[in-house]
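Reader: I would like to learn how pockets are read from a model. Could you take me through the linings with care?

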Amino acid sequence: MELRNIRSFVRIAEEKSFTRAAEKLNYAQSTVTAQIRQLEEELGVLLFDRVGRQIYLTDAGRKFLDCAYDMLRLEERAARIGSPGREPEGTLRIGLIQSLQNHLLLPRAIAFRRRYPKVSLVVEEANSAKLVGMLGRNEIDLAYLFDTRVTDENLVVMEEHEESMYFAAPADHPLSREAAPRLEDILALPYLATEEELVNSRVLRQCLADRGLRYHSTFQVGNPDVILRMIAAGEGISWLPRYVLADMWEKGQISVIDYQFPEAHLYRQICRHRDKWVSDCMRAWMTLGPAGEKA
C-alpha cells in the first residue's frame, strides 16, 4: 500500500472532488483515479460512491479515512526522526470574521510569520455561517468563529474562549457609574447596531425579546471599529464583546455599562473540519497563544 495513494485518498476525501484533488496534488486526474482504484483493489472495498458529479465516502471509506490519517501521522513522525525540528512550510489558510481580524489576528500573525517564515499565510474574511461552509469545502484550513458554542458534528474546536459582553457607552457616561443600571434606561439611549446577521445583534434581540423589550437602532454597520468611533463621539451605545472595546476602554475613550445577560454565552473559537488533515502549518499556528506567545 503506497503512501502517495494514501495521500491522494485523503485529499480527495477533503476536497470531495477527484478534479480538485488532482489540481492540488499536481497530478493528472487519471493518475488519482488509478491510485484510488489500486487502493480499492488492495482493500477489497469501494471507498467512494459516485452520484452524478458528486462523490461521497462509503462506510468503508469513512473507516479507512481514520486509518489513512494514522498512517500519515506515522509518516510525519518518521520524517522528524531524520530531520528533528523540521520547520513547517507550505500555505496556511485562515478564515475569520471582521472584528476578530481587526482586534485579535495581528499579534498572532506577526509572531507566526517571524517564527515560521517558510509558511505563506492567507486570510479570508466572512461571517460565521460562510466560514463553516468554507471549512466544509476545504477552502480554508482553520476558522475563527465568534458565536454561540459550536454544536456542528462536522467541526472540531481546537481553541475556545468565552467572551464577556458589555454595553459600550461614551466616556464617563452617567449609567457607567451606576452599580445596578435599569435595562429600560439603557435601551432609552440611541443604539448603534451591528448587522442583523451578526451574533451580537441576534443574541441581543433574543435576550430582549425574552424580557418583552427591543432596541431601537439609529445606525447599523458591520464594522465594529466604526461603531466604537461613533460611541467615543457621543453618538450612542452598542452591545459589544470585550475584545472589541478593550483598547478604547482602557484608554478612557469609552466607558461600559455594567449590565449582564446571564443566559448569553458567546465564544471565540478556532475550528477545523473533522475530516481535515492537521498539517504541520496548522499545528504550528495552534502552538501560539492569541497574543503570539508560545502556548
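Author: Let us begin with chemistry: the lining of the largest pocket divides into 7 nonpolar, 4 polar and 14 charged residues, where Ala, Val, Leu, Ile, Met, Phe, Trp, Tyr, Cys and Pro count as nonpolar, Asp, Glu, Lys and Arg as charged, and the others, Gly among them, as polar. This is a predicted model, in which local features need pLDDT of at least 70 and side-chain atom pairs count only at pLDDT 80 or more, while totals for chains, interfaces and linings use all residues. Residues are numbered from 1 along each chain as its sequence is written, and side-chain values use heavy atoms, with hydrogens and water left out.

Reader: How much space lies in the largest pocket, and which residues are closest to its centre?

Author: Rolling a probe the size of a water molecule over the atoms shows where empty space is left. Here the largest pocket holds about 800 Å³, and of its 25 lining residues R11, E89, W277, S279 and D280 are the closest to the centre. A pocket is an open set of points on a 1 Å grid over the protein atoms alone, where a 1.4 Å probe fits, with protein on both sides within 12 Å along at least five of seven lines, and lining residues have an atom within 4 Å of a point. The volume is the space filled by probe spheres set on the points, which are joined across faces, edges and corners.

Reader: Which element supplies the largest share of that lining?

Author: Helices (H or I, at least four residues) and strands (E, at least two) are DSSP runs numbered from the N terminus, and α1 gives the largest share, 5 residues.
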